[in-house]
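Biologist: I have a model open and I'd like to learn how to read it. Can you walk me through it, feature by feature?
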Amino acid sequence: MTASKLSLRVSGQRLADGRTTFSGGGRHVDYGPFTVRADVGADGPRAVLVFASPLPAAGLKDVRVALAPIKDGFRIDTAGGSTLGPFDGVINLFSSPGGSTRLAIERLKVWQTNVTGEVLLGKAGLSGNLALIGGGLDGTVKITPQGNGQAIQALVTATDARFGGPTPLAIARGRLEANGLIVKGRTTIDATVSAEGISSGRLFIGRLAANAKLINGSGTVVASIAGSRGSRFALTGTGQISPNRVVVLASGEYAGRRITMPRRAVLTRDAKGDGWLLAPTQIGFGRGIVIASGRVLGSTTNVELKMAQMPLSIGDIFVSDLGLGGTASGIVNYRGAPGSAPTGDVALMVKGLTRSGLVLTSKPIDLSLVARLGASSLDTRATIKEGGEQRGRLQARIARMPAGGSLIERLRGGTLFAQLRYSGPADALWRLAAIEAFDLTGPIAIAADVTGRIDDPRVRGSVASDNLRVQSALSGTDLRQVKAHGTFDGSRLQLTSMTGTTKGGGSVIGAGTVDLTNLGTRGPSLDLRIAATSALLIDRDDMAARVTGPLRIVSDGIGGTLAGRVTLDSARWQLGRAVNPAALPVIRTREINRRADVAPARVAASPWRYLIDARAPNQVDVRGLGLDSEWSANIKLRGTTAAPTITGQADLVRGGYEFAGKRFELSRGRIRFFGENPPDPQLDIAAEADVDTLSARITIQGTASKPIITFSSTPTLPEEEVLSRLLFGSSITNISAVEALQLGAAVASLQGGGGLDPINKLRSSIGLDRLRIVGSDPVTGRGTSIAVGKYLGRRFFVELVTDGQGYSATSLEFRVTRWLALLATISTVGEESVNVKVSKDY
């Protein structure tokens with residue numbers, strides 16, 4: 001059967017029991033394709049209709065309508081998807097002979113909102129009441145006949161309303177109050193709507209307010225819209241409405257740039273009353289302009305947009321943190337008609353296209369683009385220029401696009417054929433994807449032929465570079481002179497070879513795959529296997545590691561894992577550098593009366609995970625909290641890049657401990673890691689120093705954040721006396737006032753009070769290893785002096801002593817082993833000596 005708005009093909013049969021069955025499908029001009037299955041029996045007809053996309057504007061998809069006879073009417077079961085989420089319900093249609101027709105909603109649920117009520121279809125019109133409750137909505141809609149028209153009264157409030165369509169919609173607070181009378185050609189409306197905290201996907205509107213007052217089809221509309229609090233976006237507009245003419249004027253500001261309308265929008269109803277004609281309307285933003293004109297809001301749509309130097313940053317108004325930069329100039333045409341897919345043409349020149357993330361900005365490129373959208377295909381051509389030179393070109397065709405659904409859905413449903421050729425800086429393309437886990441810079445050449453679909457591309461071609469640089473701000477990784485060669489196999493890039501170097505002479509070699517499947521919704525998936533040779537792969541402020549061994553890098557395009565079983569050729573760990581915010585009290589709170597126009601906090605990107613077992617026979621440097629030492633280690637690095645954890649232990653090889661300007665040699669050391677975050681290992685360290693006949697020992701236990709330091713000596717002396725002899729070489733009864741101040745600061749530090757320590761603050765600020773005040777010596781003629789010392793490497797120490805009145809001395813110490821040292825002294829009073837110092841624990 002073929003009609004002006006309907007085509008239908010069915011087949012059926014009459015059964016022996018008297019029933020007639022048939023099934024088939026067709027297409028309606030307004031409601032799109034559908035299937036039907038029905039039978040007619042003694043109790044009446046039964047049918048099931050499924051519409052693929054009956055109303056794209058409302059997002060209706062796969063709508064099922066099943067009719068079955070009941071007493072005095074039909075039962076209608078319906079289900080499907082919509083912009084607001086899935087819906088299902090049961091509606092009973094009653095139409096008794098001689099009576100009125102009545103629709104009774106037995107059950108209807110849209111996402112989490114229930115709709116109940118009845119509607120009577122009388123001779124005067126519709127009458128009834130509908131109630132909405134659940135999912136954050138609460139309201140009523142009253143329908144009554146009035147004169148020759150239909151009166152509607154609605155009052156709906158929203159409080160944390162949520163809807164679960166393909167793009168989730170949320171309204172923090174909102175209110176709709178409307179009274180209207182719909183009469184053909186003489187509509188009267190008095191409506192007010194206000195809302196705060198409206199989010200849809202990445203779009204967020206802080207505040208929305210509008211008021212419409214129409215009498216017999218004429219009146220005014222005033223509206224305002226603003227972004228999230230602090231976003232610097234606001235737009236206000238007014239409209240004058242009459243039955244055949246609408247005039248709209250708007251103005252606003254975004255990010256310090258004015259939004260203007262030098263030529264207001266004037267819509268005039270066409271002569272046939274089927275649609276409106278939009279006169280040329282000019283909108284300005286910054287230095288850019290857009291002129292729009294055409295035919296809208298009717299059975300056919302034909303719109304032309306002309307733009308010149310329009311800043312692409314305006315996209316951040318609609319998609320938060322899009323981060324595009326540059327300007328666009330060109331022409332866009334769009335055409336649509338009932339029963340047919342939309343078509344259009346695009347011719348654009350984009351100058352200085354960039355994309356900025358949190359820490360990275362892509363290199364500017366110029367993009368020339370032409371495209372033609374047909375009823376079932378899209379053809380496009382583009383060229384890419386960077387630095388005034390052509391770097392690449394793209395041509396693509398998407399064919400056999402489905403007729404129903406949104407444009408994005410149709411593009412994703414078509415078959416793809418594309419060719420890309422590019423030879424230029426890698427970061428110009430890489431950073432456009434806004435992937436910040438790691439960064440690619442340097443020259444790259446790409447030749448790719450793409451088939452399949454957008455969501456599942458099949459690629460043939462190659463990628464090559466001889467001088468890439470791969471950097472990660474998360475781990476401090478910096479691979480240089482990377483040579484990579486790979487070929488495409490379907491949606492996977494097979495890296496057949498990859499080599500690179502790190503600073504300090506390290507190198508990596510490896511291979512792996514990069515999967516481009518679902519690239520529209522996440523980053524590329526990685527599976528790289530790398531063999532490292534003395535490669536500096538972690539270089540953060542608080543830790544660094546130069547490793548040898550196999551590594552594997554795996555990512556699903558959102559997060560990832562760095563795994564391996566390696567040997568640490570050298571490593572660095574800075575004790576006391578991590579700050580643990582969890583040390584502050586955590587108080588359970590419930591926020592009330594929160595402003596609804598505050599945008600929700602961004603969800604943090606998924607951090608990468610560590611899964612590394614590492615062994616180091618030596619050359620693990622542990623510094624901080626007074627330690628300057630070398631260790632061996634056997635550890636497991638786990639956790640994430642945002643919160644690394646370590647288990648295992650490190651044992652002392654050699655080193656020293658500095659306390660209050662005095663260096664002590666480490667005689668015992670063990671650091672145990674138990675997986676805390678931030679790492680706060682248990683310490684078991686002993687350090688020794690000798691002064692004259694006194695042998696002193698410092699024992700450091702507790703944790704790195706809260707060390708417990710104790711002193712002991714042979715012979716046994718009070719703590720103050722031990723400190724005095726260690727720091728100043730004399731008894732507490734013989735020290736000067738300045739030395740007493742330094743001693744008091746040291747004692748306070750041991751007791752956890754920090755104390756006033758000007759000597760050590762000065763020593764730290766000028767980069768010395770030792771700074772102390774030396775008392776006078778009448779025998780040598782030395783006055784009160786200052787001594788400064790510095791370690792030159794691990795074994796060599798130099799100290800200079802002077803009183804500023806002619807006396808000076810230089811001491812040299814070379815440590816051969818932990819127990820053997822050579823000492824030399826020379827002074828201005830003629831004292832010269834060379835000694836051998838031997839120390840041993842018993």
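Biologist: Let's start with contacts. Which residues does A445 touch, not counting residues up to four places away in sequence?

Modeller: One thing up front: this is a predicted model. Contact here is about heavy atoms within 4.5 Å. With close sequence neighbours set aside, A445 touches Y422, S423, S462, V463 and A464. A445 itself sits in strand 31, residues 443-452. You can also look at the backbone: A445 and S465 are 20 residues apart in sequence, and their C-alpha atoms are 6.3 Å apart in space.

Biologist: And is A445 buried, exposed or partly exposed?

Modeller: Its relative accessible area is 33%, so A445 is partly exposed. The label follows from the cut-offs: under 20% is buried, over 50% is exposed, and partly exposed is in between.

Biologist: Let me try that on another residue. What should I make of T354 at 11% relative accessibility?

Modeller: That value is under 20%, so T354 counts as buried. You'll find T354 in strand 25, residues 340-355. Beyond four places in sequence, T354 touches G323, L324, G325, T361, S362, K363, P364 and L432.

Biologist: Where does S632 lie, and what is it in contact with?

Modeller: S632 belongs to strand 40, which covers residues 627-639. At a relative accessible area of 17%, S632 is buried. Apart from its neighbours within four places, S632 is in contact with A616, P617, N618, Q649, A650, D651 and V653.

Biologist: Now zoom out for me. How many helices and strands does the protein have?

Modeller: There are six helices and 51 strands. Of the 842 residues in the protein, 39% are buried. Among contacts with a separation of 6 or more, 35% come from residues 24 or more positions apart. As for the outside, the protein exposes about 44,700 Å², and carbon and sulfur atoms supply 57% of that area.

Biologist: How many residues are in the largest nonpolar core?

Modeller: That core has 95 residues, and L537, V547, W631 and Y657 are those with the most contacts inside it. Take V547: its contacts, leaving aside neighbours within four places, include L537 as well as A532, T533, S534 and A535. V547 is also in contact with V566, T567, L568 and D569.

Biologist: What about nonpolar side chains on the surface? Which residues make the nonpolar surface patch of about 420 Å²?

Modeller: That patch is made by F814, V816, L822, V836 and V838. L822 is in strand 50, residues 820-827. With a relative accessible area of 41%, L822 is partly exposed. F814 is partly exposed too, at 36%.

Biologist: Next, aromatic rings. How do I describe a pair?

Modeller: You give the distance of the centres and the angle of the planes. In this protein the count comes to four aromatic pairs. One of them is F233 with Y254: the ring centres are 6.1 Å apart and the planes are at 75°, so the pair is edge-to-face. It links distant parts of the chain, with F233 in strand 17 (residues 233-242) and Y254 in strand 18 (residues 245-254), 21 residues apart. Both F233 and Y254 are buried.

Biologist: What sort of pair do F796 and F814 make?

Modeller: Their ring centres are 6.4 Å apart and their planes are at 55°, so that pair is tilted. It also links distant parts of the chain: F796 is in strand 48 (residues 796-802) and F814 in strand 49 (residues 808-815), 18 residues apart. F796 counts as partly exposed, at 29% relative accessibility. Elsewhere, ring pairs link F233, Y254 and F285 into a cluster.

Biologist: Last topic: backbone oddities. What should I look for?

Modeller: Most residues other than glycine have a negative phi, and most peptide bonds are trans. Here, a cis peptide bond joins T714 and P715, with omega about 0°. P715 is in the loop between strand 45 (707-714) and helix 4 (719-728).

Biologist: And where is D72, with its positive phi?

Modeller: D72 has phi near 60°, and it lies in the loop between strand 5 (61-70) and strand 6 (73-81). D72 counts as partly exposed, at 39% relative accessibility. W111 has a positive phi as well, near 55°. W111 is in the loop between strand 8 (101-110) and strand 9 (113-121). With a relative accessible area of 31%, W111 is partly exposed.

Key:
Residues are numbered from 1 along each chain as its sequence is written. This is a predicted model: local features need pLDDT of at least 70, side-chain atom pairs count only at pLDDT 80 or more; totals for chains, interfaces and linings use all residues. Side-chain values use heavy atoms; hydrogens and water are left out. Helices (H or I, at least four residues) and strands (E, at least two) are DSSP runs, numbered from the N terminus. Buried means under 20% relative accessible area, exposed over 50%, partly exposed in between (1.4 Å probe, protein chains only). A nonpolar core is a set of buried Ala, Val, Leu, Ile, Met, Phe, Trp, Tyr and Cys residues joined through side-chain atoms within 4.5 Å. Patches are made of residues with over 30% relative accessible area and no salt bridge: like charges are joined within 9 Å, nonpolar side chains (Val, Leu, Ile, Met, Phe, Trp, Tyr) within 5 Å. Accessible areas come from the Shrake-Rupley method with a 1.4 Å probe; for residues, only the protein chains shown count as cover. A salt bridge is a side-chain nitrogen of Lys or Arg within 4 Å of a carboxyl oxygen of Asp or Glu. Rings of Phe, Tyr and Trp (its six-membered ring) pair if their centres lie within 6.5 Å; planes under 30 degrees apart count as stacked, over 60 as edge-to-face and the rest as tilted.
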